[in-house]
Amino acid sequence: MTDSGRVAVIGAGWAGIAAAVSLVERGIPTILFDAAPQPGGRARTAPALGIEVDNGQHIAIGAYTAVLDLARSIGLAPERVFVRIALTLQQRDATGILLSLRAPKDAGQVGLAFAFATARGLSAGQKLKMARNWPRLLNAPATDISVSEFLRAVGQPERAIKLLWDPLCIATLNTAPDRASAQLFVRVLKESFDAACSGAADLMLPACDLGAALPQPAVAWLHDRGVAVHLGERITGLETDGRRFKLATGRREYEVRSVVVAVPPDSCARLIEGIPALASVAATYARIGTQPICTVYLRYPPEVALPFPVLGLTGTTTQWLVDRRTCAQDGVIAAVISADGPHMALSNEELISLVQEEIGRCVPELPPASDARVIREKRATFDAVVGIEALRPAAATAVPGLVLAGDWTATGLPATLEGAVRSGRTAAEMLLQIKPTVGADL
Ligand SMILES: Cc1cc2nc3c(=O)[nH]c(=O)nc-3n(C[C@H](O)[C@H](O)[C@H](O)COP(=O)(O)OP(=O)(O)OC[C@H]3O[C@@H](n4cnc5c(N)ncnc54)[C@H](O)[C@@H]3O)c2cc1C
C-alpha cells in the first residue's frame, strides 16, 4: 500500500492513538506521526529522581469508559493500566483533617449519597442544604457563568465550596473557580456523580508510568498491524488539492487520502492556516488559552506512605499529594499544583522548599524528603474559562477528509485523557461517515 491510500494521523498523544486504533480496527491503512521521540503527548513517561515517572501526575476516574475501552481494544486488561480504588477525599491543613469523605468501591448513586451523608467535616445543616440543592447543582446554566458564581447561585454552603467544590474544580478543569466554566464543571459532576453506571466516581491511578501504561503498548499494537509509526517527525506543512493531502516534514513529503489532526490548538492552527477554507477557524483556535500544571516528585524511604493514596491540602500552594505506591514506586509522592498562580514565578528550588514546608505542616507524620524534582508543564491543558465551549471545534471541518481530534475539541469534557480518547474515536468515525468523499477504498 502506498502512502496515498492511507489516512495520516498527526499526533500520537492519547487522542491520535485512539483515532489510529479505531481506524485500524476498521481495516483502514493508517500512518501515524509525532514530533516527539516518544508517544503519549501530554500524558507520557518522563525521567525524575533516577526513575521513570510521568510528565505530571495523572488521576483518572471510573467514568473514563473510552480510555478503558481503548485499553481493551489493544489487548490490555484495564487493571494493567489503572489501579481502581474507592473514591476517598480528605482535605487537611496545619490544624488537622478538615473534610473526609469515603464512598464504597463501585458506588452507584445510593453509595455516593451515603458517602456525602456520612462525610466528616460538614455539619448536618450543611449536608441537608447540599442534599436539597443537589438537582440544581447538576443542572448546567443555559448561559455560561463562572463556577464560583454558579455554586453560590445553586445554594452550596461556603464550607462545601471551599473544601470540596473549589478543589475539584481546579483539579478537573485546571482553571480557578472564579474564571472556570460552570457548564464544563457541571458536566464533570454529572459524569462522576450522576452516571447511570456504578463506579464512575472510583479513582483510577496509573498502574505503572504513563507511557508504559498505554501509549507504548498501543504503538506496538499499531506497528504489529502494519501502521507506519513515525516518531520524532514533526509535520511542518499540510496542503490539499481537494482530493489528496500532502504532508511535509522538512525531510520528506507524504501523500495521503485523509488526515486526522490530533495536536494541540496552537499547533493545529499553524498546520491548517494555509488551507484557505480553514484560515479563519485557525485564527480562532490560536486564541484558545492554556493553563500550567506543576508536579513536584518527592523521594522518601520506601516504607513511607500517605494515609490515603490521594490527599488534599487546603490553604497551601500544594493542592494534592499522590502516593505512587500504586505504580510500584513506593516512597515516591507527587505533589500537584494545578492552574496558574504565584508559584509559577518561583525557581524550582524555591518551589521545592515551599512544598516541603507545607507537607511538614499539614502531614507532620511524613519525614523530610531526601530528594525532589519539579516538572512544569506550562501548557498542560486548555484554559477552561467561561465561554470556552463556544470556541471548541467539532471533529468535522469544512475540508472533506480532514478531521480534528484532541482534548480541546468539542468533547463537552475538560482537557482529560477521557476527552482526548473520545475525540480520537469520534474523529475516526467522522472520517468513515464521509466515506464517499474520501474515496472508495476507505
Ligand atoms: C501535568 C499534566 C497533568 C494532567 N493531569 C491529568 C489528570 O489527572 N487526568 C486527566 O484525565 N488528564 C490530565 N491531564 C490532561 C491530559 O494529559 C491531556 O488531556 C491529554 O493527554 C491530551 O491528549 P491529546 O492527544 O489531546 O493531546 P497531546 O497529548 O498534546 O498530543 C498531541 C501530540 O501531537 C504532537 N504534535 C504537535 N504538533 C505536531 C506536529 N506538527 N507534527 C507531529 N506531531 C505533533 C505532540 O508532540 C503530541 O504528542 C494532564 C496534563 C498534564 C500536562
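A residue counts as buried if 20 or more other C-beta atoms lie within 10 Å of its own, as exposed if 12 or fewer do, and as partly exposed in between. Keep that handy for the exercises below, which all use a predicted model.

**Exercise 1. Find out how far to trust the model, and where to be careful.**

Start with the whole chain: the average pLDDT is 95, and 97% of the residues score at least 70. Next, look for the weak spot. Over residues 435–442 the pLDDT stays under 50. The model still has 13 contacts beyond four places in sequence for that stretch. Don't lean on them, though: where pLDDT is low, the predicted coordinates should not be read in detail.

**Exercise 2. Sort Asp106, Asn174 and Gly199 into buried or partly exposed, and place each one in the chain.**

Take Asp106 to begin with. Look in the loop between β8 (96–102) and α4. Asp106 has 15 C-beta neighbours inside 10 Å, so it is partly exposed. Its backbone is worth a glance too: phi is positive, about 60°, although Asp106 is not a glycine.

Now Asn174, in the loop between α8 (158–173) and α9 (182–193). The count here is 23 C-beta neighbours inside 10 Å, so Asn174 is buried. Asn174 is not a glycine either, yet it has a positive phi of about 55°.

Last comes Gly199, in the loop between α9 and β9 (203–206). With 20 C-beta neighbours inside 10 Å, Gly199 counts as buried. To see what surrounds it, leave aside the neighbours within four places in sequence: Gly199 is then in contact with Gly62, Asp106 and Ala107. So Asp106 from the opening step turns up again as a contact of Gly199.

**Exercise 3. Compare distance in sequence with distance in space for two pairs: Gly199 with Gly111, and Ala113 with Pro264.**

Gly199 and Gly111 are 88 residues apart in sequence, but their C-alpha atoms are 9.5 Å apart in space. For Ala113 and Pro264, the gap along the chain is 151 residues and the C-alpha separation is 38 Å. While you're there, note that Ala113 belongs to helix α4 (residues 109–117). Ala113 is partly exposed, because it has 15 C-beta neighbours inside 10 Å.

**Exercise 4. Work out which domains the ligand lies between.**

Set out the domains: domain 1 is 3–40 + 214–288 + 386–438, domain 2 is 98–200 and domain 3 is 290–382. Then gather the shell: 38 residues surround the ligand, and the closest are Gly11, Gly13, Gly41, Gly56 and Thr416. Elements giving two or more residues to this shell include α1 (14–25), β15 (290–299) and α15 (417–433). By class, the shell has 20 nonpolar, twelve polar and six charged residues. Finally, draw the conclusion: domain 1 and domain 3 both give residues to the shell, so the ligand lies between them.

**Exercise 5. Describe how domain 1 meets domain 2.**

Their centres, taken over C-alpha atoms, are 34 Å apart. The contact uses eight residues from domain 1 and twelve residues from domain 2. On the domain 1 side, five of the residues are nonpolar, two are polar and one is charged.

**Exercise 6. Follow the strands β16, β17 and β18 and say how they pair.**

Begin with β16 (residues 310–313), which runs antiparallel to β17 and is joined to it by three bridges. In this pair, Gly312 stands opposite Trp320. Six residues lie between the two strands of the hairpin, and Gly315 in the turn has a positive phi of about 75°. Move on to β18 (residues 332–338), again antiparallel to β17, this time with four bridges. Here Val322 stands opposite Ala334. Now check the faces of β17 (residues 320–323): Trp320 and Val322 on one side are buried, and so are Leu321 and Asp323 on the other.

**Exercise 7. Find what helix α2 packs against.**

Pick out the buried residues of α2 (residues 65–73): Ala66, Val67, Leu68, Leu70 and Ala71. They pack against α1, β5 (60–61), α3 (78–81) and α15. After α2 comes Gly75, with a positive phi near 80°.

How values were computed: Residues are numbered from 1 along each chain as its sequence is written. This is a predicted model: local features need pLDDT of at least 70, side-chain atom pairs count only at pLDDT 80 or more; totals for chains, interfaces and linings use all residues. Domain bounds come from an automatic or database domain assignment. Two residues are in contact if their C-beta atoms, placed from the backbone, lie within 7 Å. Ala, Val, Leu, Ile, Met, Phe, Trp, Tyr, Cys and Pro count as nonpolar, Asp, Glu, Lys and Arg as charged, and the others, Gly among them, as polar. pLDDT is the predictor's confidence in each residue, from 0 to 100. A residue is near a molecule or strand if its C-beta atom, placed from the backbone, lies within 6 Å of it. Two strands pair if DSSP finds at least two bridges between them.
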